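Here's a quick briefing to read with the model open in your viewer. We'll start with the packing and then look at a couple of hairpins.

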Amino acid sequence: MLPLALALTLVLPPQSPSANQFDTRLFRTPRKSLWVSVVAALSPRGDVLAVGNRRGGLHLVDLTAGTARRLRGPRDVPCSAIAWSFDGAQLATRAADGQLSVLRAKDGTVVWNASTPKPREFEFWMTPSLAFVDADRKLIVAGGMPGIQLRSALDGAWIAEMGRAGEKPTAFAIGSRSDRVAIGTDRGVIQLFSTKDGSQVRGSWSVPKPVNTLAVSPADDLLAVGGGDAFVRLLRLDGQGEVRRFSHADLNIFGDLEIGFVAFSGDGRRLLASSFSCWDMRAWDVAAGTLIATHDTMGGGPCPYPVFLVDDDRRMFAGLHGVVGKLGAPGIDRQLAPREHWSRFVGAGNFAWTASSQQWMFSVYDVRDGRKVFTIDIADLENDEVK
């Protein structure tokens, strides 16, 4: 049995496609009957990590200097999601009690607070739950609601609720212009909505249920979809339909294989995907449709894990064990954690981070050389004892 469960909130940074289309993750690790929550979000420039914790505190980690400073003190309510604005000037946070806040990244001044429904634990695994859109004028908020809310980033006012009636949203993805959002449901339906007013802008697509993961290409013309079978589908956002399929079917021995995560490279030329319950990550050339890299973790389980390109798209990174390999080359360069620790990593740009259930530490690594650039005892983080 895996000692580590993982729920993730993912945010697409529209002005930083090299950041591999997400910057926020939520780790939950059991230790001595306790649970720890660590939320981390990489800034658009890729040099500062915003870190929230179980007590609701918020710290900024300078990844160049390896130092941290407090932005917001504890409020004894877990922080469940963080998102940076496109310009890096503001941070949005959502707490486990539903409180939505926008703060200035410079000094932590609260711009506004608003109430939202309380999010449910583990409701979203490989999908975003909070994101700035429409050039920092709007916020997308997911979790604890029948649909996905569109709110004003200026004052938190409710604008619209997006989604398909009677179906649970399970994934969403935002394009580089942040003017549209694709939403997938538990019944395998995908719809496209405007982030200006929440109106539907395209018809629906259907894939084998559920929709587990979505990613929009940097050029805003393609949508990668991972769902309840062994194929990654590439759809055209202009409504022309399916472009091609990428297969994991050779591993679908028991007929239960699903795609857990998809991501484009920063230039949009490559597409990555990971599968479960047989854990495997693959990369394809989007134009040619050819397989260019694969890594079999020689294991499996019901938990999906993220994969992404790092180091200016030269290396492929697997969130399971922190495996790093050169794109197109056999084998792996390094592994950031021993397999027996079952560590789950996430990251963007040149960095990856994890909350260890073995050492009870939160650590950040430079994936180019495997160097640990920052580490802190999670208890110190929660108790606001950051030195």
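**Cores and hairpins**

In this predicted model, the largest nonpolar core is made of 21 residues, and the ones with the most contacts inside it are Leu-49, Val-51, Leu-63, Trp-353, Phe-362 and Val-364. Two or more residues each come from β3 (34-42), β4 (48-53), β31 (345-348), β32 (351-355), β33 (361-366), β34 (371-377) and α1 (378-382).

**Packing**

- Take Val-364: leaving aside neighbours within four places in sequence, it touches Leu-49, Leu-63, Phe-351, Ala-352, Trp-353, Arg-371, Lys-372, Val-373 and Phe-374.
- Apart from the largest core there's another one, with 16 residues, including Leu-272, Phe-276, Ala-283 and Val-323.

**Hairpin β14/β15**

- Strands β14 (residues 148-152) and β15 (residues 158-162) run antiparallel and are joined by 4 bridges.
- If you want a register check, Ile-148 has Met-162 in β15 as its bridge partner.
- This hairpin leaves 5 residues between its strands, and Gly-156 has a positive phi near 85°.

**Hairpin β22/β23**

- Strand β22 (residues 231-236) pairs with strand β23 (residues 241-247) over 6 bridges, in the antiparallel sense.
- For the register here, look at Val-232, which sits opposite Phe-246 in β23.
- The two strands form a hairpin with 4 residues between them, and in the turn Gly-239 takes a positive phi of about 90°.

Technical notes
Residues are numbered from 1 along each chain as its sequence is written. This is a predicted model: local features need pLDDT of at least 70, side-chain atom pairs count only at pLDDT 80 or more; totals for chains, interfaces and linings use all residues. Side-chain values use heavy atoms; hydrogens and water are left out. Two strands pair if DSSP finds at least two bridges between them. A nonpolar core is a set of buried Ala, Val, Leu, Ile, Met, Phe, Trp, Tyr and Cys residues joined through side-chain atoms within 4.5 Å. Buried means under 20% relative accessible area, exposed over 50%, partly exposed in between (1.4 Å probe, protein chains only). Contact means heavy atoms within 4.5 Å.
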